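Please look over the sequence and the fold below. The report that follows covers a sheet, its core, the salt bridges and a few loop positions.

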Amino acid sequence: MQKFWLSLILASPMLLQMVLMPFHWIIPGYTWIAFLTTTLIMLISAAPYWKSAWAAFKHHNANMNTLVAVGTSVAYFYSLFAMLTGRAVYFESAALVTVFVLLGDALEERMHSSASNALSKLLNLQVKEADVLTNDQYSKVPLEKVQVGDIIRVRPGEKIPVDGVVTKGTTHVNESMVTGESLPVSKKTGDEVIGSTINMDGLLIFRATKVGKDTALAQIVELVKKAQTSHAPIQNLTDRLSSIFVPAVLIAAIVTFVIWFVFLGAPAVQAMLFAVSVIVIACPCALGLATPTALMVGTARSAKLGVLIKNGQALEEVNHVKTVVFDKTGTITAGKPVVTDVIGNQQKVLQIAAALEVNSEHPLASAVMAKAKQYQLRYSQATDFQNIEGKGVKAAVDGQNAFVGSAKLMTTYQMADDLKTEMTRLQNDAKTVVLVGLAGQVIGLIAIQDTPKKTAAQAISELKARGLKTVMLTGDNQRVAQAIGSQVGIDQVIAGVLPNEKADHVKALQQDGQVAFVGDGINDAPALTVADVGIAMGSGTDIAIESGEIILMQNDLMGVVRALEISKKTFNRIKLNLFWAFIYNLIGIPISAGVLVGIGLQLSPELAGLAMAFSSVSVVTSSLLLNKTKIVGEQRFHQTTA
């Protein structure tokens with residue numbers, strides 16, 4: 001930006017002379033003023049373009065700066081020759097072309113900054129200090145000096161400085177700014193906490209486990225940086241086209257000069273100006289910006305929507321996906337059993353079950369206790385516990401014998417026919433049925449199931465509406481898998497798959513087109529790697545996240561839809577940018593060559609430079625419009641993370 005303003009000031013006498021020219025007024029000593037100011041502009045501002053062009057030439061190559069360097073140097077050295085031989089000079093062409101190229105660069109720089117503001121917002125989440133225990137006292141320590149193993153205190157309302165594990169205290173933590181989880185998450189001793197999240201209501205003591213570049217936030221920032229600077233495969237095509245385009249333009253400029261000077265009999269100066277205009281307007285800056293600017297904006301936008309795209313290749317591959325394959329547990333389902341049905345007197349059934357399960361650590365017991373807590377039920381203390389081998393547990397509750405267990409208890413206790421019918425129905429729905437009894441009689445049933453996530457059915461419906469095939473791949477039995485698949489609308493269910501077989505099934509599905517795999521567990525890592533696009537749930541294991549090319553920070557399957565949509569719109573924007581960059585050159589080069597001079601349409605080198613600069617800016621502006629495009633589920637995402 002500084003070089004632009006300096007060059008503009010130096011070029012101001014030439015701009016003034018262009019304004020005065022129609023009135024036949026000439027600034028005294030204009031030729032020498034133009035020579036001196038243009039020479040300074042060439043030495044200070046145009047030098048980087050010359051260096052870049054020379055470096056490319058030494059490697060037998062040509063780049064975008066080749067055209068700028070050739071165009072400005074031809075205009076400058078011809079004007080120098082003309083000044084020494086008493087002819088008309090065209091220093092303003094060399095100077096103003098450089099100024100307008102710098103203007104384009106300056107505007108691009110500002111727009112790049114705008115495109116990258118997601119990174120600065122992420123970095124601003126970090127605190128500057130941590131309250132670290134040193135010599136039995138807590139004291140403020142700069143964040144960069146915090147080490148793994150340090151004991152850190154966080155008061156209510158403060159941000160957690162680094163990642164760690166709680167050693168003392170209970171609280172709720174707002175993790176929405178990092179994970180996208182809308183509700184505060186309960187934390188107790190042994191739970192993990194994430195740096196830059198907010199401690200809501202309790203005093204928290206934790207041990208640092210990840211600091212500096214290893215924290216979750218730092219890794220997110222690094223992923224976005226890498227994605228923004230990566231190349232999509234389409235960029236390779238653009239680079240190849242540019243390497244052919246630049247020499248072709250130089251040849252076109254020579255041909256233009258020859259036609260005007262030799263065949264049409266135009267003065268050498270006029271023929272030279274046409275040739276220089278062709279060189280300047282054809283500078284393929286817009287072509288070079290078409291892909292990277294869209295990648296920068298697209299990956300930054302996706303990060304704001306809880307989707308981290310690791311590289312440009314993943315972004316492009318998503319557009320060719322025909323099938324989306326899902327793991328079941330922890331991906332389609334919550335991975336945590338919950339009570340779905342209570343048959344009988346709900347309050348009585350849950351009170352008896354809670355009294356017997358209160359001290360059990362079994363996942364099914366946890367589901368029962370969570371349901372009892374939801375209804376705020378009070379229950380009596382059970383005594384005289386006895387295990388019923390392979391079936392359940394019995395105990396005394398308020399002086400009566402009570403029991404809780406599996407369907408195998410039917411052979412031991414009496415059960416009404418209507419309850420038997422209900423149990424069969426629930427089992428056909430692939431639910432685990434717990435029998436609850438009192439005084440030798442089954443009084444009710446509790447059905448437990450790992451239920452689909454709230455947005456699973458909606459996400460799969462959205463994917464199918466886009467013409468994508470959906471498949472669920474699971475190690476669970478066929479009945480359970482089919483029940484879950486039916487609930488969410490999956491096209492195909494493949495059950496009973498061993499962990500080491502998942503990758504083989506993905507390869508088989510790839511015969512019908514490119515495949516995206518969505519998973520979260522250690523056993524999903526091979527499938528994530530084999531798939532054309534691996535999408536890892538951010539709540540999953542480190543190895544799954546490492547294997548995936550796209551990471552969903554929110555534990556929400558609508559993130560898959562958002563990932564596919566932002567990728568598709570980014571890739572479409574790249575194609576639109578490339579289209580306009582080529583169209584611009586197809587139209588601009590003939591005009592600059594003087595094809596339409598007969599109807600009074602002609603571009604001088606300086607106007608060609610201005611047009612070239614704004615063509616680049618138009619491409620960057622087009623990319624920035626990605627920030628305004630609508631993404632399905634975006635409003636809901638922002639509501640849940642507000």
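**The sheet**

This is a predicted model. An open sheet of 7 strands runs in the order β10-β22-β21-β20-β11-β18-β19. Its pairing is mixed. The edge strands are β10 (307-309) and β19 (492-494), and each pairs on one side only. From one strand to the next, the twist averages 20°.

At one edge, β10 pairs with β22 (residues 550-552) in the antiparallel sense, over 3 bridges. Within β10, L308 stands opposite I551 of β22.

Helix α18 (residues 502-509) lies across four strands of the sheet: β11 (321-327), β18 (469-473), β19 and β20 (514-519). Relative to β18, α18 runs at about 160°.

**The cores**

In soluble globular proteins, nonpolar side chains tend to be buried together. Here the largest nonpolar core has 39 residues. Which of them touch the most other members? They are V324, F326, I332, I550, L557 and V560. Helix α21 (residues 558-592) supplies the largest share of this core, with 7 residues.

L557 shows how such a position is surrounded. Leaving aside neighbours within four places in sequence, L557 is in contact with F326, T331, I332, T455, A456, A459, V518 and M537. F326 and I332 are also among the core residues that touch the most other members.

A second, separate core holds 35 residues. Among them are A34, Y76, V97 and L273.

**Salt bridges**

Side chains of opposite charge can pair when their charged atoms come close. The count for this protein comes to 12 salt bridges. Three of them are set out here.

| Pair | N to O distance |
|---|---|
| D131 and R153 | 2.9 Å |
| R466 and E462 | 2.9 Å |
| R466 and E565 | 2.6 Å |

Take D131 and R153, joined by a salt bridge. D131 lies in strand β1 (residues 129-134) and R153 in strand β3 (residues 151-154), so the pair ties together parts that are 22 residues apart in sequence. Is D131 buried or exposed? D131 counts as buried because its relative accessibility is 5%, below the 20% cut-off. The pair also belongs to a wider arrangement: D131, R153, R155 and E158 are linked in a network of salt bridges.

R466 has a salt bridge to E462 and another to E565. R466 lies in the loop between α16 (456-465) and β18, while E565 lies in helix α21, so the R466 and E565 pair ties together parts that are 99 residues apart in sequence. The burial of these side chains varies. R466 is partly exposed, at 38% relative accessibility. E462 is also partly exposed, at 21%. E565 is buried, with a relative accessible area of 12%.

Helix α21 thus appears twice in this account: it gives 7 residues to the largest core, and it carries E565.

**Loop positions**

Which phi does D136 have? It is positive, at about 65°, although D136 is not a glycine. D136 lies in the loop between β1 and β2 (137-142). With 74% relative accessibility, D136 counts as exposed.

A439 also has a positive phi, about 55°, and is not a glycine. A439 lies in the loop between β16 (432-438) and β17 (441-449). Its relative accessible area is 53%, so A439 is exposed by the over 50% cut-off.

I26 is a nonpolar side chain to check by eye. It sits in the loop between α1 (2-20) and α2 (30-58). Is I26 buried or exposed? I26 counts as exposed because its relative accessibility is 63%. I26 and L16 are 10 residues apart in sequence, and their C-alpha atoms are 9.6 Å apart in space.

**The whole chain**

The protein has 23 helices and 22 strands. Of its 642 residues, 52% count as buried. Among contacts between residues at least 6 apart in sequence, 68% join residues at least 24 apart. The accessible surface comes to about 30000 Å². Carbon and sulfur atoms account for 58% of that surface.

Key:
Residues numbered from 1 in each chain as written. Predicted model: local features only at pLDDT ≥ 70, side-chain atom pairs only at ≥ 80, totals over all residues. Heavy atoms only, no water. Pairing = 2+ DSSP bridges. Helix = DSSP H or I, 4+ residues; strand = E, 2+ residues; numbered from the N terminus. Axes fitted to C-alpha atoms, helices over the stretch in contact; angles between N-to-C directions. Contact = heavy atoms within 4.5 Å. Core = buried A, V, L, I, M, F, W, Y, C linked by side-chain atoms within 4.5 Å. Buried < 20%, exposed > 50% of the residue type's maximum accessible area, 1.4 Å probe, protein only. Areas by Shrake-Rupley, 256 points an atom, 1.4 Å probe, with all protein chains shown as cover. Salt bridge = Lys/Arg side-chain N within 4 Å of Asp/Glu carboxyl O.
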